Amino acid sequence: MQKIYIVTGANGFLGNNIVRQLIKKEPEAEIRALVSSLDRANALKDLKCQIFAGDITKPESLAKIFEVSKSAKAYVIHCAALVYIKSQPNPQVYQVNVNGTRNIVAKTLEIDGKLVYVNSVHAIPELPNHAEMSEVNHFNPAKVEGEYAKSKAEAAQYVLDAVKNRGLDACIVHPSGIIGPYDFKTTHLTQLLVDTAKGRLKAGVHGGYDFVDVRDVADGIISACDKGKPGETYILSGRYISVADLFKMISHATGRKEITTFLPMWLAKFTAPLSELYYNLRKQPPLYTKYSLYTLESNSNFSHAKADRELGYAVRPAQETIDDTIKWLREAGKIPQA
């Protein structure tokens, strides 16, 4: 049976890595990549995939990419989302993350496909005292912090309800903090590497988070297409890395002097609005916001044991991720050559 993979948000950081891994792992499959517009498909340049323009908030724009023969098996990998850590409310977060997901569920049901919904660990309620957190089977926006997390929690519950009540074949994956190569849009963590490699960043803050290689997440998602069970959720995390250790790894990869100055958290929180303003003026993703600082102090002790066991999920060494990312940033001209 012909396999068709439909990847939403395909021009994004995770999306283009999924397409790259699919090309390697499923050379006989048809890969369809959904982008917001054809002139915004630079991350997919020269990749063997069909590119479609569409907007997940406008169902009528999705008709073409969801034209699937009854003799084919369609896998819908829904990773289009608006990741948002700024302080000002943004109605587009709900529109994209919740209403967009509802539309993708409806289209997947129409073609009797299998949906792998890429959610986030932020939708999982935080446990106290850094207790280990594993998968949950119910999501409540009121139990998580931040506009983005609340939207992902509501969308996750919508998917699970569709499995239970509408016969949707779907599972959910929850990546942690994604880092790695091929980040053409320069998301928050990549911006941190760029600023550190260029010597712009002079100080950090204490804390840390669970970071995972984008290629490992992509592999886990592709595995979930075949092995993920309906109504099940899988955490695709990596390991906890402190900001201090992250700076050490960046220093090792770049040869630049390690950052050893750390601001008190209270000062970082006090100056966070100025940081947001600075990065907004530069039209770059902000490094320090009220929410990102909250995240660095939060419990990120996530277990990926279930994904290891059921999906064959595995994570590579963190230094390898940083080394490969720095190498790609140099090749892409985002930071100077060594």
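Which backbone nitrogen does the side chain of asparagine 90 reach at 2.9 Å? The first close-up has the answer, and everything here comes from a predicted model.

**View 1. Asparagine 90, in the loop ahead of helix H2.** Here we're looking at the loop between strand E4 (72–78) and helix H2 (91–110), which is where asparagine 90 sits. Its side chain reaches the backbone nitrogen of glutamine 92, at 2.9 Å. Asparagine 90 counts as buried because its relative accessibility is 18%, and the cut-off for that label is under 20%.

**View 2. Helices H1 and H5 crossing at roughly 60°.** This one zooms in on H1 (residues 13–25) and H5 (residues 214–227), whose axes come within 9 Å. With that angle, H1 is oblique to H5, and the crossing is right-handed. On the H1 side, look for Phe13, Leu14, Asn17, Ile18, Gln21, Leu22 and Lys25. They meet Val214, Arg215, Val217, Ala218, Asp219, Ile221 and Ile222 of H5. Sort the contact by class and you get 9 nonpolar, 2 polar and 3 charged residues.

**View 3. Histidine 174, a buried residue in strand E6.** The strand in this view runs over residues 169–175, with histidine 174 in it. A relative accessible area of 1% is why histidine 174 is called buried, given the cut-off of under 20%. Two polar links are worth picking out. The side chain of histidine 174 makes a 3.4 Å polar contact with the side chain of asparagine 119, and it also reaches the backbone oxygen of serine 120, at 3.0 Å. Setting aside neighbours within four places in sequence, histidine 174 touches Asn119, Ser120, Val121, Ile124 and Phe139, and also Thr233, Tyr234, Ile235, Leu236 and Ser237.

**View 4. Alanine 307, tucked into helix H9 and buried.** Last up is helix H9, covering residues 305–311, with alanine 307 in it. Alanine 307 has 0% relative accessibility, so it counts as buried. Glycine 220 is 87 residues away along the chain, yet its C-alpha atom and that of alanine 307 are separated by 7.7 Å. Neighbours within four places in sequence aside, alanine 307 is in contact with Tyr234, Ile235, Leu236, Gly312 and Tyr313. If some of those names ring a bell, that's because Tyr234, Ile235 and Leu236 also turn up among the contacts of histidine 174.

Methods
Residues are numbered from 1 along each chain as its sequence is written. This is a predicted model: local features need pLDDT of at least 70, side-chain atom pairs count only at pLDDT 80 or more; totals for chains, interfaces and linings use all residues. Side-chain values use heavy atoms; hydrogens and water are left out. Helices (H or I, at least four residues) and strands (E, at least two) are DSSP runs, numbered from the N terminus. Buried means under 20% relative accessible area, exposed over 50%, partly exposed in between (1.4 Å probe, protein chains only). A polar contact is a pair of N or O atoms within 3.5 Å; within protein, one must be able to donate a hydrogen and the other to accept it, and residues adjacent in sequence count only if both atoms are side-chain atoms. Axes are lines fitted to C-alpha atoms, for helices over the stretch in contact, and angles run from 0 to 180 degrees between N-to-C directions. Angles under 35 degrees count as roughly parallel, over 145 as roughly antiparallel, 65 to 115 as roughly perpendicular and the rest as oblique. A crossing is left-handed if the near helix is turned anticlockwise from the far one by less than a right angle, and right-handed if clockwise. Contact means heavy atoms within 4.5 Å. Ala, Val, Leu, Ile, Met, Phe, Trp, Tyr, Cys and Pro count as nonpolar, Asp, Glu, Lys and Arg as charged, and the others, Gly among them, as polar.
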